[in-house]
Amino acid sequence: MDSHVKEYYRAYSDETPQGHFHKVIALHDAPDIDWKEISKKVPNLNKGWYELAHLPVQDRIDFSRDYWLSKLPYHPNIQEFLNKFFESFDDIGVFIIQPKFEDPFEVHLVYSLKDDSGFFHGYPPATESEILSLQKEFPDFILPADYTAFLQIHNGFSKSTDTGIIPAWKLLESFKNFQSLFERGEPLFTTKGDPVNPQALIPFYESFGMPFFQCFWEEWYPDQEMGNVYYSGLTNTISDYKSGDAPTESMAFPTFLDWLMFYLEKIE
């Protein structure tokens, strides 16, 4: 398991005040924990993750890869990409955490990269009712199918300590906070200078500690679904999808999966 994982998923105490959580249980290293016992303590731990935690390491990796492939819709590059992506892991673990003493327990699925090069972690999948509620919260938008499919893998996901993909339950709040950036009436433009209506943007990814977002854009439908663009709060601009540059250069992606593969590509 990557050393950054061990450092991050550490309980604090008088001896280890630098820990991040009140309590940490590495479920994959605790084979004797009973399902009935732990499911009462951690209601959002699903049976699939509990069973996954008790498999050998390579089976955890292979099963997780197959699950991603079964949930995500067709994309010409996704199978080859995910095969390589999952080959880059040395372990996948299930961590149960309690942030503070009185907080409820949470569960993270953690993807540990080889060569001590970092990790990804995700929250439990969104339920069908959560996806339906999300759609109702944005009645004027048709959220991309590949995006809602990914939420059924992880309802919130990030690399290392990044803020990352915003959970469905928090998306409306994040949308409102994002719109508040424009309350002073400062106009928004593409990097080429074309005017943009900020209310047509839904931020689904947030960079940790910086005003950078990746947003679905209602006014751009490159592949019968909303494309997504990069917003910089430092320049108050979004990507120029008309530039002709490659998506990784312009940061304007025709599909959520195109952006996701970019995000998963490497740890900075």
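This is a short tutorial dialogue on reading features of a predicted model.

Student: What should I know about the model before I start?

Tutor: It is a predicted model, in which local features need pLDDT of at least 70, side-chain atom pairs count only at pLDDT 80 or more, and totals for chains, interfaces and linings use all residues. Residues are numbered from 1 along each chain as its sequence is written, and side-chain values use heavy atoms, with hydrogens and water left out.

Student: How many helices and strands does the chain have?

Tutor: Helices (H or I, at least four residues) and strands (E, at least two) are DSSP runs, numbered from the N terminus. Here there are ten helices and 13 strands.

Student: How do I read the overall dimensions?

Tutor: Start with the radius of gyration, taken over C-alpha atoms, and set it against the globule rule, 2.2 Å times the number of residues to the power 0.38. This chain gives 19 Å, close to the 18 Å from the rule for 268 residues, so it is as compact as a globular protein of that length. Its C-alpha atoms fill a box of roughly 60 × 40 × 35 Å along the principal axes.

Student: What share of the residues is buried?

Tutor: Buried means under 20% relative accessible area, exposed over 50%, and partly exposed in between (1.4 Å probe, protein chains only). Of the 268 residues in the chain, 47% are buried.

Student: And how do I recognise a nonpolar core?

Tutor: In soluble globular proteins, nonpolar side chains tend to be buried together. A nonpolar core is a set of buried Ala, Val, Leu, Ile, Met, Phe, Trp, Tyr and Cys residues joined through side-chain atoms within 4.5 Å. The largest one here has 60 residues, and Leu45, Trp68 and Phe256 have the most contacts inside it. Helix α10 (residues 256-264) gives the most to this core, with seven residues. Another core, of 14 residues, lies apart from it and includes Phe182, Ala200, Trp220 and Val229.

Student: Is helix α10 enclosed or open?

Tutor: Seven of its nine residues are buried, so α10 is largely enclosed by the rest of the structure. The buried residues are Phe256, Leu257, Trp259, Leu260, Met261, Tyr263 and Leu264.

Student: Which residues does leucine 45 touch?

Tutor: Contact means heavy atoms within 4.5 Å. Leaving aside neighbours within four places in sequence, leucine 45 is in contact with Leu27, Trp35, Ile38, Tyr50, Val94, Ile96 and Val107. Compare leucine 55, in the loop between α3 (47-53) and α4 (57-71). With the same neighbours left aside, leucine 55 is in contact with Arg60 and Phe63, and at 27% relative accessibility it counts as partly exposed.

Student: How are aromatic pairs described?

Tutor: By the distance of the ring centres and the angle of the planes. Rings of Phe, Tyr and Trp (its six-membered ring) pair if their centres lie within 6.5 Å; planes under 30 degrees apart count as stacked, over 60 as edge-to-face and the rest as tilted. The count here comes to 46 aromatic pairs. Tyrosine 147 and phenylalanine 216 form an edge-to-face pair, 5.0 Å centre to centre with 70° between the planes. Tyrosine 147 lies in helix α7 (residues 145-151) and phenylalanine 216 in strand β10 (residues 212-217), so the pair ties together parts that are 69 residues apart in sequence. Both residues are buried.
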